[in-house]
There are 2 protein chains.
Amino acid sequence: MLYDVTVVQFTKMLNNLSRILDKGEAYAGGKKFDAEVLLQSRLAPDQFNLVRQVQIACDTAKFAAARLTGKEAPTHDDKEKTVAELKARIEQVTTYLRTFSAKDFAGADERRVTTPRWNGKYLTGAEFAVQHAIPNFYFHLTTAYAVLRHNGVDVGKGDYLGDMPYKGP
Amino acid sequence: MLYDVTVVQFTKMLNNLSRILDKGEAYAGGKKFDAEVLLQSRLAPDQFNLVRQVQIACDTAKFAAARLTGKEAPTHDDKEKTVAELKARIEQVTTYLRTFSAKDFAGADERRVTTPRWNGKYLTGAEFAVQHAIPNFYFHLTTAYAVLRHNGVDVGKGDYLGDMPYKGP
């Protein structure tokens, strides 16, 4: 379950985000302005811009998988400046997430998870996933979406959620 | 696990949202404008306003608990017009969520979940929770936060995430 709600679902959402960024780039192209304007946009002057929102969404997914399974996450130097570079960053993270399987998450619920910012304090894996990683991931993903929506990009809930595996008639 | 990641965590986040709305009201009071201006605000002209974002966050939590356990959710008539009324709506939903226990979620993973909009199609409970209810819930909560943030209310990530149950030194 922790595997599904982090690795599998974060991969789906990051792919959705990549397509949302495509829509942003297409919008900039259609209106003949530089897509970097969107990437530098934010909803408040003391808020991270769109580039940083995407980077943090990527890092939240990467660190969730690594920390819940006791692995070392790859580092990224946060130098992305274009939509293509952000999409490549997303691709690197989803490629990394594909290296995990449900088996890696055996005992993850009870694993002690910490981060460099927590001064030795820890959460259980279940607490970390449910109260920290998941809400943080969706926060930055939705904020990235909101920056584009606020700037007129034609994105909707379907772009955010992606396809559902509906069954039945 | 499904119980923790929906009922328990949604309750925590709705209480955080209630305090974020308090901050919005205090900000309006300090600047001597009517808090209803914030409640009617949105990030794009064709986006739901703040009132509706809060209502949908509430409904997403309510329906997630009800549908995952095969219960009937209480109805709400979406007539809130003030911060106090929105906070009361949140309180009604968290009170409803408190009527659930982990035991109610036995078999929820495999339960067929549908909504009136899906024309008879369904998802398993696990799919519904992970791919639909959770991303939707955080989407509307973060959008509500973003509307206030965009309008100058001094809210930060800590207000959104709430307290963490840190353990250790």
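Let me begin with how the two chains meet: 100% of the interface residues of chain A are also interface residues in chain B, so the copies use the same surface to meet each other. Please keep in mind throughout that this is a predicted model.

How many residues does each chain bring to the contact? Chain A gives 35 residues, and chain B gives 35 residues as well. On the side of chain A that touches chain B, the elements that give two or more residues are α1 (2–30), α5 and α6 (157–161) of chain A, and the largest share, 14 residues, comes from α5(A). If we sort the residues of that side of chain A by character, we find 21 nonpolar, nine polar and five charged.

Now let us turn to one pair of helices across this contact. Helix α5 of chain A, residues 125–150, and helix α1 of chain B, residues 2–30, have axes that come within 11 Å and cross at roughly 55°, and α5(A) and α1(B) are therefore oblique to each other. The crossing in which α5(A) passes α1(B) is right-handed. Where they meet, α5(A) contributes A:Ala126, A:Val130, A:Gln131 and A:Pro135, while α1(B) contributes B:Asp4, B:Val5, B:Gln9 and B:Met13; the residues of this contact divide into five nonpolar, two polar and one charged.

Finally, how are the copies arranged in space? In general, two copies of a chain are related by a rotation about an axis and a shift along it. Here, a turn of 180° with a shift of 0.0 Å along the axis lays chain A on chain B with an RMSD of 0.0 Å, and the two copies are thus related as by a two-fold rotation axis.

Key. Residues numbered from 1 in each chain as written. Chains lettered and ligands numbered in written order. Predicted model: local features only at pLDDT ≥ 70, side-chain atom pairs only at ≥ 80, totals over all residues. Axes fitted to C-alpha atoms, helices over the stretch in contact; angles between N-to-C directions. Helix = DSSP H or I, 4+ residues; strand = E, 2+ residues; numbered from the N terminus. Parallel < 35°, antiparallel > 145°, perpendicular 65-115°, else oblique. Left-handed = near helix turned anticlockwise from the far one by under 90°. Contact = placed C-beta atoms within 7 Å. Nonpolar A, V, L, I, M, F, W, Y, C, P; charged D, E, K, R; others polar. Least-squares fit on C-alpha atoms with pLDDT ≥ 70 in both.
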